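Welcome! Please take a moment to turn the model around before reading on, and then let us walk through it together.

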Amino acid sequence: MTAGTRTARITLRAMRWWDIAPVLELEPLLFPEDAWSAGMYWSELADAHPGGSRHYTVATTEEGVIVGYAGLMAVGAEADVQTIGVDDRYQGRGLGAALLADLIEEAARRGCTELLLEVRIDNFRAQRLYERFGFAPVGIRRGYYQPANVDALVMKLDRLDAPDPDATVPIDSEPIDGEPIDTEPNDGEPTEHEPNENDTEEDHG
């Protein structure tokens, strides 16, 4: 860590139903065109249990304030990033990378052989971060993000072993559930949503 760098102590833990309200406060700020509703989060968390297909994580400060969150869907050998969001005030510190690493590790733990995600075609910052983790473009989905009608770049990670911190982001320790991590400045933070076919206003990838 360079001299003069202010380090925030952040903890990653499993998302619970009582986290929905604070996450919803961040949603319209991070995704003004396609924020998820409370109903969507309730539906996602209903399947985030042992044996379920979902995995959701929140990042909290020492004071317990939620400053980031991420979600994963895993079915069989395939996993999909549902959402990643980081509070604007905490972007550029490696927190988005820590959340992404958590999803990759969970997908690997579940025995998945590939991890897919969709990212806005114009979100180059997030794309750079995904590429650093080994994701590669595999296609484009036209008009995927609604109502803005923005195309999505589909990216896939085939190797689901633990990310190499030296090749990705400067994180002091592995982002394991319930343990603190030190976040340092980093040049990319993803904020993406997966669109839901039942509600075109809601859009994560």
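What you see is a predicted model, so a good place to begin is with confidence: the average pLDDT of the protein is 80, and 75% of the residues score at least 70. Two stretches deserve some care. Over residues 1-7 the pLDDT stays under 50, and the model has six contacts beyond four places in sequence for them. Residues 165-188 also stay under 50, and there the model has 76 contacts beyond four places in sequence. Where pLDDT is low, the predicted coordinates should not be read in detail.

Now for the overall layout. The protein is built from four helices and nine strands. Starting at the N terminus, you can follow the elements in the order β-α-α-β-β-β-α-β-α-β-β-β-β. Of the 205 residues, 51% count as buried. Among contacts with a separation of 6 or more, 68% are between residues 24 or more positions apart.

Next, look inside. In soluble globular proteins, nonpolar side chains tend to be buried together. Here the largest nonpolar core has 34 residues, and those that touch the most other members are L95, I104, L115, Y130, F133 and F135. At least two residues of this core come from each of β1, β3 (66-75), β4 (78-86), α3 (95-109), β5 (114-120), α4 (124-132) and β7 (150-157). The largest share, nine residues, is supplied by α3. To see how one member is surrounded, find F135: leaving out residues up to four places away in sequence, F135 touches L100, I104, L115, L117, Y130, M155, K156 and L157. There is also a second, separate core of 14 residues, and V23, L30, M40 and Y69 are among them.

Loops can take part in the interior too. F31 sits in the loop between α1 and α2 (38-45). Is F31 buried or exposed? With a relative accessibility of 5%, F31 counts as buried, because buried means under 20%. F31 also shows how the chain brings distant positions together: F31 and G85 are 54 residues apart in sequence, while their C-alpha atoms are 8.7 Å apart in space. T61 offers another example, placed in the loop between β2 (54-60) and β3. Its relative accessible area is 9%, so T61 is buried as well. Which residues is T61 in contact with, leaving aside its neighbours within four places in sequence? They are R9, I10, V67 and Y90.

Let us move to the outside. The protein exposes about 9400 Å², and carbon and sulfur atoms supply 50% of that area. On this surface, W17, W18 and W42 make a nonpolar patch of about 430 Å². You can find W18 in the loop between β1 (8-14) and α1 (20-30).

Finally, follow the backbone into the loop between β6 (136-145) and β7, where P147 lies. The peptide bond leading from Q146 to P147 is cis, with omega near 10 degrees. N149 lies in the loop between β6 and β7 too. The phi of N149 is near 60 degrees, a positive value in a residue other than glycine.

Terms used. Residues numbered from 1 in each chain as written. Heavy atoms only, no water. Patch = residues over 30% accessible without salt bridge, like charges linked within 9 Å, V, L, I, M, F, W, Y side chains within 5 Å. Areas by Shrake-Rupley, 256 points an atom, 1.4 Å probe, with all protein chains shown as cover. Salt bridge = Lys/Arg side-chain N within 4 Å of Asp/Glu carboxyl O. Core = buried A, V, L, I, M, F, W, Y, C linked by side-chain atoms within 4.5 Å. Buried < 20%, exposed > 50% of the residue type's maximum accessible area, 1.4 Å probe, protein only. Contact = heavy atoms within 4.5 Å. pLDDT = per-residue confidence, 0-100.
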